[in-house]
Amino acid sequence: MDNGTEAASLQSLRDVLSGRRERSPVVDRRQVLQGLLGGAAALALPRLALGQVEIPPGQIRLMFNENPYGPSPKALTEVAKILPMTAYYPGEIENDLMSLFIERHSLDRDQVFLASGSNEGLQAAMMAFGKRGKVISPALTYSDHLLYAEKLGVEVQRIPLRDDMAIDLEAMARVVDDSVSLIYLCNPNNPTGMAIDGDELRSFCRELEGRVPILIDEAYNELTDNPDYTSMVDLVRGGANILITRTFSKIFGMAGLRVGYGMGHPDIVSVVKDNVMAWPNGVGLYAAYHSYLDDDFIAFSREKVLQGRKMVNATFRRHGIEPLPSQTSFVYADIGRNADTFEAAMAARNVRIRGAYEGYDTFSRVSMGRLEELKIFDRVFSEVFKG
Ligand SMILES: Cc1ncc(COP(=O)(O)O)c(C=O)c1O
């Protein structure tokens with residue numbers, strides 16, 4: 001990471017914004033924001049206005065798979081420069097950011113789109129294809145977009161995981177018929193953290209080529225053991241009938257800035273773009289552009305997540321629990337007791353983790369925080385586990 005003065009002062013800014021360095025974080029963050037807002041400095045910002053970055057003092061936040069080391073210091077420096085320009089709609093930055101993906105993955109412009117967080121791209125894809133037929137999804141997976149689409153009338157058929165908690169590709173392929181308009185896969189899957197083997201997934205996509213489009217959510221790809229092998233972007237390059245979504249919320253540590261993107265067959269990209277609702281957030285795009293180029297920060301974040309994963313795995317194992325093999329920034333494990341009760345007991349000690357999902361009542365999910373936070377997690381987990 002850049003150790004220059006500017007980076008250091010941005011680090012302090014970030015720490016102040018996240019309430020880590022000050023005894024009175026609400027007041028100090030407000031002052032910092034007022035400083036950033038320049039002309040509006042005389043205004044007292046209401047507490048609500050800070051909602052998105054408000055974290056109760058002392059809370060260890062391990063429930064949303066965020067990267068607390070982000071955003072990239074270089075991106076923050078650049079963003080500070082453009083804030084005074086935000087009276088204007090964003091311009092060329094959209095094209096510039098898309099050019100980075102196009103260049104990195106050797107794609108054409110009509111194979112790429114931007115969205116306000118990958119969730120928006122996923123929702124748009126669900127609506128675009130869900131109107132035409134049924135969507136097939138694993139029964140235990142990331143589901144915000146599935147629930148959104150169901151509320152709007154889309155039918156989603158959920159296929160149970162295999163006994164080893166892997167996504168059951170064979171069972172999914174078996175149910176494909178003319179009534180199916182889209183298959184959704186999350187690779188690696190959330191909340192299990194497990195990745196589908198790259199070549200198995202390639203065969204699956206080839207087997208279904210021409211029958212049904214496949215949407216692959218690669219939100220955690222950069223954290224996998226072998227990102228290129230695990231990603232299906234090579235199939236997109238080859239013109240396959242698939243769409244991949246990616247995000248700046250995970251390894252890039254920009255969840256609050258809401259930037260995601262998609263890469264896919266031009267026909268899919270075109271129909272999904274027609275269903276995207278929000279205009280992109282210019283500040284987010286700007287931050288994304290500079291984050292994407294900050295190799296030092298990306299390597300640093302990956303390293304921290306990998307170290308954190310070892311720590312959380314060790315905590316579980318010390319209590320006789322074998323976590324699922326995660327290739328993400330979270331770990332999922334059967335703790336052998338009610339996960340919601342356990343979550344509440346952890347929360348009462350200011351450590352927030354996730355409780356039960358989709359009938360997996362004894363499984364907890366823990367996201368990677370800062371390493372020092374994971375030490376506290378370790379201590380609190382032991383206390384609560386021993387009861
Ligand atoms: C698998 C998966 N996909 C998509 C998202 C949504 O991310 P974004 O912030 O890009 O909307 C998440 C968020 O946790 C996720 O876990």
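**Close-up 1. The length of helix α15 in this predicted model.** The 16 residues of α15, taken at 1.5 Å a residue, should span 22 Å, and the C-alpha atoms at the two ends of the helix are 23 Å apart, which agrees with that expectation. The helix is made up of residues 371–386, and glycine 387, which follows α15, has a positive phi near 65°.

**Close-up 2. The buried and exposed residues of α15.** Leu374, Phe377 and Phe381 are buried in this helix, and because they cover an arc of only 45° around the axis, they lie on the same side of α15. An α-helix has 3.6 residues a turn, so residues three or four places apart point the same way. The cover over the buried residues of α15 includes β1 (60–61), α13 (295–318), β10 (351–352) and β11 (363–367), whereas the face turned away from the buried side carries the exposed residues Glu372, Ser382, Glu383 and Lys386.

**Close-up 3. Valine 384 and its contacts.** Valine 384, which is placed in α15, counts as partly exposed because it has 19 C-beta neighbours inside 10 Å, where a buried residue would need 20 or more. When neighbours within four places in sequence are left aside, valine 384 is in contact with Phe342, Ala345, Met346 and Arg349. Phenylalanine 342 is 42 residues from valine 384 along the chain, yet their C-alpha atoms are separated by 7.5 Å.

**Close-up 4. The residues around the ligand.** The ligand is surrounded by 13 residues, of which the closest are Gly117, Ser118, Asn119, Thr247 and Ser249. The shell around the ligand divides into four nonpolar residues, eight polar residues and one charged residue.

Conventions
Residues numbered from 1 in each chain as written. Predicted model: local features only at pLDDT ≥ 70, side-chain atom pairs only at ≥ 80, totals over all residues. Helix = DSSP H or I, 4+ residues; strand = E, 2+ residues; numbered from the N terminus. Buried ≥ 20, exposed ≤ 12 C-beta atoms within 10 Å, placed from the backbone. Contact = placed C-beta atoms within 7 Å. Near = placed C-beta within 6 Å. Nonpolar A, V, L, I, M, F, W, Y, C, P; charged D, E, K, R; others polar. Expected span 1.5 Å × (residues − 1). Arc of directions from axis to C-beta.
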